[in-house]
There are 2 protein chains.
Amino acid sequence: MPRKAASRSSIVEVARKAGVSPATVSRAFNQPELLKPATLAHIKAVVRSDGFRPNRVGRSLRAGSTRTIGLLLPTLNNPVFAECFEGAERHARQAGYSVMMATTGYVPEVEAMAVQAFLDHQIDGLILTVGTPVRNAALAMLQAVDMPHMLVYNESGKHPFVSVDNRGAARDMMQALAALGHRRVAVVTGPLSESDRARRRLAGAREQALALGLGEVAHWVMPAHTAASRDILQAALRGPDAPTALFCSNDLLAASTITHLVAMGYCVPRDLSVCGFDGTAMGTLMVPPLTSVEQPSSQIGATACAQLLTRLQGGQTRSVRLPHRILPGGTVAEPPTSTRTARSKTP
Amino acid sequence: MPRKAASRSSIVEVARKAGVSPATVSRAFNQPELLKPATLAHIKAVVRSDGFRPNRVGRSLRAGSTRTIGLLLPTLNNPVFAECFEGAERHARQAGYSVMMATTGYVPEVEAMAVQAFLDHQIDGLILTVGTPVRNAALAMLQAVDMPHMLVYNESGKHPFVSVDNRGAARDMMQALAALGHRRVAVVTGPLSESDRARRRLAGAREQALALGLGEVAHWVMPAHTAASRDILQAALRGPDAPTALFCSNDLLAASTITHLVAMGYCVPRDLSVCGFDGTAMGTLMVPPLTSVEQPSSQIGATACAQLLTRLQGGQTRSVRLPHRILPGGTVAEPPTSTRTARSKTP
DNA sequence: TTGAAAGCGCTAACAT
DNA sequence: ATGTTAGCGCTTTCAA
């Protein structure tokens, strides 16, 4: 039953008070130009004095549109997604759309359940980042019911997306590292199964290393995309062939890596260079600022939203790769002059 | 008109296929225990083969509940709010609620418009942080329509909230600074009109300075809560009576302040101590880690959600102040010895 | 320019 | 244990 005994007044109530039909009140909100100015003014007055607002649930049911979009991201604790959210949400709000939001923690089962909940709520469209677009349950559901959607950060041949060229960007960063003299680089990521971005970035790094004749690119897998493990770093850095630069697959992981390295006695970038990927505001606030691949996250969110709304108005979506650039920062330098001789580090 | 020619099947369609009435199908979803096992199984089979899911908009309209809550926060780019979001959203999702999200950028007009949009969508309840709870338009609207809501971070006498004791926490931090020998401390905030938290923290700092006989606490106002201004810092740090410690009203502002200070040639904490407020994960990733007042943001969000859901089930809400603690970090140290005032070491 | 009427998909009395 | 019926609040033909 309704919330209160004194239920919120409906359009019928307003119509009665204004001495018009419900249809006319509806028109006052949706097609005011159809009404005689006097009628419109009168209805508006009643509406204002009542503080009446049309119930969007009734409207949604009847009109078949909720004017709500879904936003599904791995976690807002990674600032890259928080920035994307802001870009998308602002755009949506300014277009009169509301946003339902859920985070997945990079877990495919949660992705699928959240998408199901969104569909049940009859959202008009969805912006999302999934772990891996290929054979993804959530994306399959969206396609099955023909729900308009845009991927962000993911790249896909079957679903429209907004991202950067992850592989190309990783190549660029490797190029920059090589130009400084690094020949042994390790790529640090979370579980690859959870992130096609990480996979593409690793692939790009390896591709470029091969092209430039660098040493083989090691790949260190951390238990999460959001934090490095000190033990793994410590173990992997042992030995004479330790890398001189660590290329982390995102800024948060890079920040965490640097924190551990410093605690282990390394000086970054003197002893070891570290760079990230994302170019988040957080990275620029680090001391020294994080060297990273900048992607325009806020714009990625806004563009995805713009594409989605175009589609909702009957247009077509297309995939977009926005430009990236290397953010110099201060956590990458030339490798130590003699990597074999004793470094002045105090572990 | 509806989205597609082949509109998604409704409960009536399922009923027809299963040879039962719509009410029975509805019961299969909502009160399965009322049905004969055989009937239930049969309906379930039809539902599965059809891939049918009940339309929540229809349900919402009829039942007078959307099982959706709103979440309204200043910005997710401040990690303290992102952490809060995750705590609240996870709790809501696990209770079967969906979340509508909006950010306000600390702008009261946006607060009011977003709340209005939420109300129009018939959310069941709302968790929010406002600039200032007193004479706040958004809160007034919520009260006027008796919409269940919980403030987070704000403290209020008229609205239920979940927060920490902001004033007490600021006192504790001042105490810690004083114990290290600091006698001249400046508090760094964004515009006070936008944040009662900043006001309370400033008040607590001044209260404690007075109690301990420290020098007057300067107050530096930055143009935003999310970034410090280098010019203001530079100007304020001139002169012989410059503070030896900066107490920033949040972690993001502290990070930004430190970045500027380092660029200006200061060494933190050797030349100048800096601390923040929030105890975000971001702060622990800084080098050195940020000294801060830790508040349990994720738990604040989860607690607010729990309280709200209790209220929605007919219970009562109550305001909660969760415990804070000083997070030592590495950005605060004794003041430089060369300071005019003799250092007063505390045993 | 406005009104009457039907119905979006669902649930909950009430009836059987 | 299940069916019948009446709407929740709104929009939208169609008719006047």
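This report describes one strand of chain A, β6(A), and then the contact between chains A and B, in a model that is predicted.

Strand β6(A) spans residues 185–189 of chain A and is mostly covered, since five of its five residues are buried. The side chains of this strand are divided between two directions: V185(A), V187(A) and T189(A) point one way, while A186(A) and V188(A) point the other way, and all are buried.

Two strands of chain A pair with β6(A), and the table below sets out each pairing together with one example of bridge partners.

| Partner strand | Residues | Sense and bridges to β6(A) | Example of bridge partners |
|---|---|---|---|
| β8(A) | 245–248 | parallel, four bridges | V188(A) with C248(A) |
| β7(A) | 218–221 | parallel, four bridges | T189(A) with V221(A) |

The pairing with β7(A) also belongs to a wider arrangement, in which β6(A), helix α9 (residues 196–212) of chain A and β7(A) make a right-handed β-α-β unit.

The second topic is the contact between the two chains, which takes 43 residues from chain A and 43 residues from chain B. On the side of chain A that touches chain B, the elements that give two or more residues are α4 (56–63), α5 (79–94), β2 (98–103), α6 (108–120), α11 (251–263) and α12 (281–284) of chain A. Helix α5(A) gives the most to this side, with seven residues. By residue type, the side of chain A that touches chain B divides into 22 nonpolar, 13 polar and eight charged residues.

Terms used. Residues are numbered from 1 along each chain as its sequence is written. Chains are lettered from A and ligands numbered from 1 in the order in which they are written. This is a predicted model: local features need pLDDT of at least 70, side-chain atom pairs count only at pLDDT 80 or more; totals for chains, interfaces and linings use all residues. Two residues are in contact if their C-beta atoms, placed from the backbone, lie within 7 Å. Ala, Val, Leu, Ile, Met, Phe, Trp, Tyr, Cys and Pro count as nonpolar, Asp, Glu, Lys and Arg as charged, and the others, Gly among them, as polar. A residue is buried if 20 or more other C-beta atoms lie within 10 Å of its own, exposed if 12 or fewer, and partly exposed in between; C-beta atoms are placed from the backbone. Two strands pair if DSSP finds at least two bridges between them. A crossover is right-handed if, with the strands pointing away from the viewer, the path from the first strand over the helix to the second runs clockwise.
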